[in-house]
Amino acid sequence: MSIVTIIGGGFSGALTALHLLRLSTRALGVRVIDRSGRFGPGLPYQTRDPMHLLNVPAGNMSAWPDRPDHFVEYLRGADRSAGSGDFVPRGIYGDYLESLVQAAQHEFGERLSLVPAEVVATVPGEDDRNHVIRLRDGRELVSDAVVFAFGHAPPRRLELTGGGAGGPTPVLVEDPWNAAAIERLETARHVLLIGTGLTALGICL
């Protein structure tokens, strides 16, 4: 059986795994590796703040193209009033993705392997057709193909300059999803957001 390893178990990695298993016409095993140990939500959909909403209505967020109402049906399992035009909290969508992975574990059994670990390197195998995935704990896993789905790289580190002689030192929050760091900004008089995307909007809320 051929093995495909996906590095990253968030939205892209999880759905790639599920679609590979669903669409494969031959014996195929899929291994998903993620250092967080949580498979499905990824960073964008782990937030539990109800004000962090999807920027796409629920009717366009199904995981399955041939079942466009799948996500709405999931929502209606908990709330009969849910509609395809609703903009729901991102955390609920994360729960949906996690439920898909759990369902796939039952459906595909050993063909889907979830590995909570950190990848430190990938190198060609001995015959140049395989790949060796090296984990931080010392293990090495062999795969026929590798998919990189580990999301965006961290932002480039910025240099701070002081506020002048005797002035306050600016505070830089490089990880906008660090809740403790964001809470420290609540007493700040002025906050500058660099970026105007969905993450910036979520922080404003």
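In what sense do β1 and β2 pair, and over how many bridges? They pair in the parallel sense, over six bridges. Welcome to this structure, which is a predicted model. The notes below go through its strands, helix α3, the nonpolar cores and the salt bridges.

**Strands β1, β2 and β3**

- Within the pairing of β1 and β2, Val4 stands opposite Val30 in β2.
- To get from β1 to β2 the chain passes through α1, and this β-α-β crossover is right-handed.
- On its way, β2 (28-34) also meets β3 (112-116): the two run parallel and are joined by five bridges.
- One of the contacts to look for here is Asp34, whose bridge partner in β3 is Pro116.
- Strand β2 is mostly covered, with seven of its seven residues buried.
- In a regular strand, side chains alternate between the two faces of the sheet.
- For β2, one side holds Leu28, Val30, Val32 and Asp34, the other holds Gly29, Arg31 and Ile33, and both faces are covered.

**Helix α3**

- Helix α3 spans residues 90-108, which makes 19 residues.
- From its first C-alpha to its last it reaches 27 Å, close to the 27 Å expected at 1.5 Å a residue.
- Its buried residues include Tyr93, Tyr96, Leu97, Glu98, Leu100 and Val101.
- An α-helix has 3.6 residues a turn, so residues three or four places apart point the same way.
- The buried residues of α3 pack against four elements: α1 (11-23), α2 (70-76), β3 (112-116) and α5 (198-204).
- Just after α3 comes Gly109, with a positive phi near 60°.

**Nonpolar cores**

- The largest nonpolar core has 31 residues, and Phe71, Tyr93 and Leu100 touch the most other members.
- At least two residues of this core come from each of β1, α1, β2, α2 and α3.
- Helix α3 gives the most to this core, supplying seven residues.
- Leaving aside residues up to four places away in sequence, Phe71 touches Leu54, Ala58, Met61, Ser62, Val88, Tyr93 and Tyr96.
- Another core lies apart from it and has six residues, among them Val115, Ile133, Leu135 and Leu141.

**Salt bridges**

- The whole structure contains nine salt bridges.
- One of them joins Glu118 and Arg35, with the closest N and O atoms 3.6 Å apart.
- Glu118 sits in the loop between β3 and β4 (119-124) and Arg35 in the loop between β2 and α2, so this pair ties together parts 83 residues apart in sequence.
- Is Arg35 buried or exposed? Arg35 counts as exposed, at 66% relative accessibility, while Glu118 is partly exposed at 27%.
- Arg38 and Glu98 form a salt bridge through their side chains (3.0 Å, N to O).
- Because Arg38 lies in the loop between β2 and α2 and Glu98 in helix α3, the pair ties together parts that are 60 residues apart in sequence.
- Arg38 is partly exposed, at 24% relative accessibility, whereas Glu98 is among the buried residues of α3.
- The side chains of Arg48 and Asp95 also meet in a salt bridge (3.2 Å, N to O).
- This pair links distant parts of the chain, with Arg48 in the loop between β2 and α2 and Asp95 in helix α3, 47 residues apart.
- Arg48 is exposed at 54% relative accessibility, and Asp95 is partly exposed at 25%.
- Through salt bridges that share partners, Arg38, Arg48, Asp95 and Glu98 are joined into one network.

Methods
Residues numbered from 1 in each chain as written. Predicted model: local features only at pLDDT ≥ 70, side-chain atom pairs only at ≥ 80, totals over all residues. Heavy atoms only, no water. Expected span 1.5 Å × (residues − 1). Buried < 20%, exposed > 50% of the residue type's maximum accessible area, 1.4 Å probe, protein only. Contact = heavy atoms within 4.5 Å. Core = buried A, V, L, I, M, F, W, Y, C linked by side-chain atoms within 4.5 Å. Pairing = 2+ DSSP bridges. Right-handed = clockwise from strand over helix to strand, strands pointing away. Salt bridge = Lys/Arg side-chain N within 4 Å of Asp/Glu carboxyl O.
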